[in-house]
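Student: Please take me through one part of this model in detail, staying with what can be read from the coordinates. I would like a single connected account rather than a list.

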Amino acid sequence: MNEDRSEPPVTPDGRYLVVRGRLWRRANPDLPDHVRQALVDRLMAARRAVGRALKAGDAAALAAARGAVDEAKIALGERGPVWWDDGAPDLNRHMARNTPYHAWFAALEAQGADQA
């Protein structure tokens, strides 16, 4: 088991983190800490509900739990409308090497820092 718990790399503008070469949108950094924590708590509860519904084979509960996950992620800014206002496109789930972050990411790869 890999005990390396280092944080995934974050793009220079702070909008994405990179996991196995793919960009994932980060939560809105402008959320107050108490709001962000409440939303993270909701997200984690919803994820636990997804697991329980899967284990129970309950399709209705699964749909509700997945909806709750989506709502929490939208409220955090990880999905839905982007939280930045400079008109830059949303590159969520794109491979970093195929985005304007390609040079930055290539430098990470050269350092071996992209394996988070």
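Tutor: Threonine 99 counts as buried, because its relative accessibility is 4% and the cut-off for buried is under 20%. The model is a predicted one. Threonine 99 sits in the loop that joins helix H2 (59–76) to helix H3 (102–111). Its side chain reaches the backbone oxygen of alanine 96 at a distance of 2.8 Å. If neighbours within four places in sequence are set aside, threonine 99 is in contact with Leu23, Leu91 and His94.

The loop between H2 and H3 also holds arginine 93. Arginine 93 has a positive phi, about 75°, although it is not a glycine. With a relative accessible area of 44%, arginine 93 is partly exposed, whereas threonine 99 is buried.

The helix that precedes this loop can be checked for length. H2 has 18 residues, which at 1.5 Å a residue should span 26 Å; the C-alpha atoms at its ends are 26 Å apart, so expectation and model agree. At the N-terminal end, aspartate 58 acts as a cap on H2, with a side-chain oxygen 3.2 Å from the backbone nitrogen of alanine 60. After H2 comes glycine 77, with a positive phi near 95°.

Next, the two sides of the helix. The buried residues in H2 are Leu62, Ala65, Val69, Ala72, Lys73 and Leu76. They lie on the same side of H2, because they cover an arc of only 100° around the axis. An α-helix has 3.6 residues a turn, so residues three or four places apart point the same way. The partner of these buried residues is helix H1 (33–56), against which they pack. On the face of H2 turned away from the buried side are the exposed residues Ala59, Ala60, Ala63, Ala64 and Glu71. Alanine thus appears in both sets: Ala65 and Ala72 are among the buried residues, while Ala59 is one of the exposed residues on the opposite-facing side.

One further backbone detail belongs beside arginine 93. Arginine 20, found in the loop between strand E1 (16–19) and strand E2 (22–25), has a positive phi of about 50° and is likewise not a glycine. Arginine 20 counts as exposed because its relative accessible area is 67%, and the cut-off for exposed is over 50%.

Terms used. Residues numbered from 1 in each chain as written. Predicted model: local features only at pLDDT ≥ 70, side-chain atom pairs only at ≥ 80, totals over all residues. Heavy atoms only, no water. Helix = DSSP H or I, 4+ residues; strand = E, 2+ residues; numbered from the N terminus. Buried < 20%, exposed > 50% of the residue type's maximum accessible area, 1.4 Å probe, protein only. Polar contact = N/O pair within 3.5 Å; in protein donor to acceptor, adjacent residues only side chain to side chain. Contact = heavy atoms within 4.5 Å. Expected span 1.5 Å × (residues − 1). Arc of directions from axis to C-beta.
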